[in-house]
Amino acid sequence: MWKTILAGLRARTARLVLSSIAIALGVAFVTGTLVLGDAVGEQTRDNFARSARNVDAAVHLAENSTEQEKGIPADFLQKIRATSGVEGADSREFGRAALIGGDGKAKQALVQPLPTTEKLRDFNLKDGRFPTGADEIAVDSKTAQIAKLKVGDTLKLLGEGEAEHSYTIVGSYQQGASSLSMSGSDHLIVSPEGMRTLVPEQRIYEIVAVAKSGVSQQQLVDNITKTIGPGYQVQTGEELTKATLAQVGDAASEIKTFLLAFAAISLIVAGMVIYNTFTILVAQRTKELALLRCVGAERGQVFRSVLAEAVFMGLAASVLGFLGGIGVSAGLQSVISSFGGPSGGESEIRLPISWVTIAAAFGVGVVVTVLSAVLPARRATQVAPVAALRSQPDSSDDVARTGKIRIAVAAVIALLGGAGVYFGLQQQREEPALFITGGATMVLLLAVLLLGPLYVPLVNRLFGKALRGVPAKLASANAGRNPKRTAATTAALMIGVTIVAMVTVVAGSGRETMIKKVDERFPSDYAVSSSVYDQPLTQKFADELAKVRNVALVAPELRAFGESTKLEYADVTGYPSEALGSLVRPPLSEGTITGLKDGEIVMRDKEAQKAGVGVGSTVPISGKDFKVVGLIKDNSYGTGIVTLASAQSILKEPAKGYQNLLVKLAPGTDIAQARTDLERVIATSPVAVLNSAAETKAELNGQIDQILLFIWALVGLALIIALFGIANTLTLSVLERTRESALLRALGLTRGQLRQMLVVESILMALIGAVVGVLLGAGFGWLLVEAISNPEFQISFSIPFGQIGAMLGLAVVAAIIAAALPARRAARNSVVAGMAEA
Amino acid sequence: MRKAHDMSALVSEAGAVGTTAAAAHNLVKVYGKGDTAVRALDGINVAFQAGKFTAIMGPSGSGKSTLMHCLAGLDTVDSGAIHIGQTEITRLNDKDLTKLRRDRVGFVFQAFNLLPTLTAEQNILLGLELAGRKPDKQWFDTIVTVLGLRDRLTHRPTELSGGQQQRVACARALVARPEVIFADEPTGNLDSRSGAEVLDFLRMSVRKLGQTVIMVTHDPVAASYADRVVLLADGRLAGEIHQPTTESVVNALAHLGA
């Protein structure tokens, strides 16, 4: 039997190569998705939790520790370094110093010492090197860009007691997104010795450690806890990462879930492509199997030969596909990083390969191949050998009508999906709504796919009506001859396009959501403040700023100190009412701040407690009664926020000016340009200093864009696979219809017309998949948008017609490319040889 | 011969008897190279009269199928010339050959004559549609009636018997009124009754309608329907029989050692 198997493999090289390609592509898709997914995970971890990178254990002060002021004792670092299992440990601290810029104005900057353990540096070096000597310094790349500093420059810092220190800049680095880096101030790194001269008093807020290989994170945590004793919080690196991500925002975890879902989809698509190929292949082999049976092979022998062949093919193709998938994900990443966002320069190609990836790749490659080969083979061997020999090899024979069972199953699944969508839409919270509805739409998709053989011929006939000319009509007839096969072929594309359309629809609003979240953190783009307390910024200066192009709003901030019978201090912060709720948006525990009127106050809840008032009651300040309309959870804003006019009325004499001016740019403004424009006005005031959140925001948005690009890359991958599926089906169909093509050629179909026929068939299949996919995707997208939207957070649903049009166009182009090879092959065949084919 | 009566009324412009419909001159076709080269056609000279039913016979490997494929413009030759009417088809490129097949030649193959996706009617009209020609409605009706396909027109090939499928193929070949119809073992897959029916129709189309038919067969009974039998052996002409009978064909074949 082995001889027969080997001979069979050799004899049917062309077909086997084709089906191997299908398997390899499927495996490549799964591998690519999983590798890309893990890469995205690593990337977000690195961007958003760089401070937890490589950390196996982290020590913090306990939350209610009395040592908050002093920090973690300095001798702990030595103790931890001496602890068994610790490969390296470093303390983390920061100090404040005034950075004297080129314009001579001082700005607040955060200074951190460079960790001595290389693995524990939570920065990526961009230029030059890290500081080693006490008089060397490295500058955050953003700070360097804004302050126009470069490697080799001298930089001056004002340390404690106005002592001036001078440094040589030796490098620049990129900081991950963290609460520290997002605070908007400038960042610097000095050597540990340099840190001590600048900030003599050490205040360690965190000690991080790396484990020796073979030591688990938990073991390390246990060892360290034993060394330093109680009263401290010791976390594993994993816990620290989670905590950091939670602090920065949960975007990363949502993306991870999304990617997992996508990997599952990739498994299904790959499985479909492989299954489809094999069904065609075995249908063609029915005769051969029957012949084997006729010459005396037992059913089991035939069966085992098919099985062995499938295992061999599945394994070989899986290896190829696995390597290909890694290559594809590397390629896609390099494409992405070539046009990535502002932070594009830092993204490196990551190829994490986990056991899950390997298992999934080979699982799909071998298991799906074997199942796809064995199930039809079983059916084939159950037929009486002679009957099988007599039957025509044309697969239109086995076109079964869509069974009642199929319809019933699809109906049940659709009902489940519908119920899921309904349940998801009822959810109040954003996340469960998103996941339940999203999952339910996938269930609905499954039902739609199951019903494919039912509506695919209908859609095909609809398209076919629009076609003119004999080759096009023949193409339509060919596409409709085996509804199951056409449905299965288009299904892969349908899934891909559905997801793209869905992502396109949701991504627009999703991006809005994320930008809104960033906006919430940084309501204003810039803050202009006075560097000298006695010299506030004048109203005239504020007016000048407001005139700068692309500035949408300038909101002055006025601190007013009054007295209250109910409070020790009564210093309120005043803003113009149009800035409240937009530029000024403190977290509220009760009430609202938007539309605050004169004579009303939004109080800090702690202050309100002290004064014994709540929403609705009044609080007297400097002889005026203010009605409390809301409570702030935050710790800033003094007693509370009032309107600018109210704040002025509390002052005994009119204000000379403002300590702070908040600046909001018009949406979509180029940040670099805006900064140049603003700096021109700022240069006219000797005391004005520009503080920025805009650059930080731009960076965050860039990272969001980059993640979206990753998702697009995954979707692109799905489309490529689906189109290869079409090419594959078409090639097999061409092989199957060799005689038919020869007959057509004999009857007078020219080579060009034969090619045209196949191209049209390919376009038809692609369009069926794409059109149904777009409709489904837009519908599902709408459901998802509906699910995420709630009364407080409305997302408007819009269909990006341009992008969807482009997608359909791409599908047609890709279909033409997919048909190119099979069409060439079909046209090259000689008529006589074709007619002789059995 | 039930249908013969209907047909006699419909004799149309008969082909010009006596002129040559197809001819081969010094035809050579070699398969393979070097030691394994086989001369399938070894300098054949043969002419086929218009308005006649000619059968090509010979043992397996005599080159009869190759000859027909070359005559019909389905295959290329290594040397020599082939004429269909006045056209030397050995000089035509693939596109012109395709057009010639479409416009001037009809085919009936042994099996797999029909496109499974098309109905019987669509199959019959396929060649005309490819040529962009309008079918002659009356002529179409005549053929369909004569071949007894009237109530089978909307059926697909899988719903037709083998004999019916071959009759549809005959109808397709006839409907375009080609200069020559080539039939490659048209009865090879049929039982003797269905085979006889198909052969009757072919003979009738020659006698009554002036059609020219060239048929390859290995069946002496089938050959006996022809006006003339051309015998081939080892790629050469090995004789011919006019007004053949089954016996004369069997005898001639026996002499060839088949």
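What follows is a dialogue on reading salt bridges, a sheet and an interface in a predicted model.

Student: Before we start, what should I know about the model and its numbering?

Tutor: It is a predicted model, where local features need pLDDT of at least 70 and side-chain atom pairs count only at pLDDT 80 or more, while totals for chains, interfaces and linings use all residues. Residues are numbered from 1 along each chain as its sequence is written, chains are lettered from A and ligands numbered from 1 in the order in which they are written, and side-chain values use heavy atoms, with hydrogens and water left out.

Student: Okay, how many salt bridges does the structure hold over all chains?

Tutor: A salt bridge here is a side-chain nitrogen of Lys or Arg within 4 Å of a carboxyl oxygen of Asp or Glu. Over all chains, the structure holds 26 of them. One of the groupings is a network that links Arg549(A), Asp677(A) and Arg680(A).

Student: Which residue does Arg745(A) meet in a salt bridge?

Tutor: Asp94(B), at 3.0 Å from N to O. That pair crosses between chains, from helix α22 (residues 738–746) of chain A to helix α3 (residues 94–104) of chain B. Helices (H or I, at least four residues) and strands (E, at least two) are DSSP runs, numbered from the N terminus.

Student: Is Arg745(A) buried or exposed?

Tutor: Buried means under 20% relative accessible area, exposed over 50%, and partly exposed in between, using a 1.4 Å probe and protein chains only. Arg745(A) is buried because its relative accessible area is 3%. Asp94(B), at 26%, is partly exposed.

Student: What about pairs inside chain B?

Tutor: Try Lys29(B) and Asp75(B), whose side chains form a salt bridge at 3.4 Å, N to O. They link distant parts of the chain, 46 residues apart: Lys29(B) sits in strand β1 (residues 20–31), and Asp75(B) in the loop between α2 (64–71) and β4 (79–84). Both of these residues are buried.

For another case, take Asp141(B) and Lys137(B), bridged at 3.3 Å, N to O. Both lie in helix α5 (residues 137–146) of chain B, 4 residues apart, about one turn of the helix. Asp141(B) counts as partly exposed at 23%, and Lys137(B) as exposed at 56%.

Student: How do I read the sheet in chain B?

Tutor: Strands of a sheet pair through backbone hydrogen bonds, either parallel or antiparallel. The rule here is that two strands pair if DSSP finds at least two bridges between them. In chain B, an open sheet of 4 strands runs in the order β2-β1-β4-β5, with antiparallel pairing. The edge strands are β2 (38–49) and β5 (87–88), each with a single partner strand, so one side of each has no neighbour in the sheet. Between β4(B) and β5(B) there are 2 bridges, and Glu88(B) in β5(B) is the bridge partner of His83(B).

Student: How much area is buried between chain B and chain A?

Tutor: The size of an interface is often given as the accessible area lost when the parts come together. Here that buried area (1.4 Å probe, summed over both parts) is about 2200 Å², and carbon and sulfur atoms give 69% of it. Phe112(B), Thr117(B) and Leu130(B) supply 29% of what chain B buries against chain A, more than any other three residues.

Student: And how many residues are in contact?

Tutor: With contact meaning heavy atoms within 4.5 Å, 24 residues of chain B touch 24 residues of chain A. The count of salt bridges between the two chains is 2.

Terms used. Buried area = accessible area lost by both parts, 1.4 Å probe.
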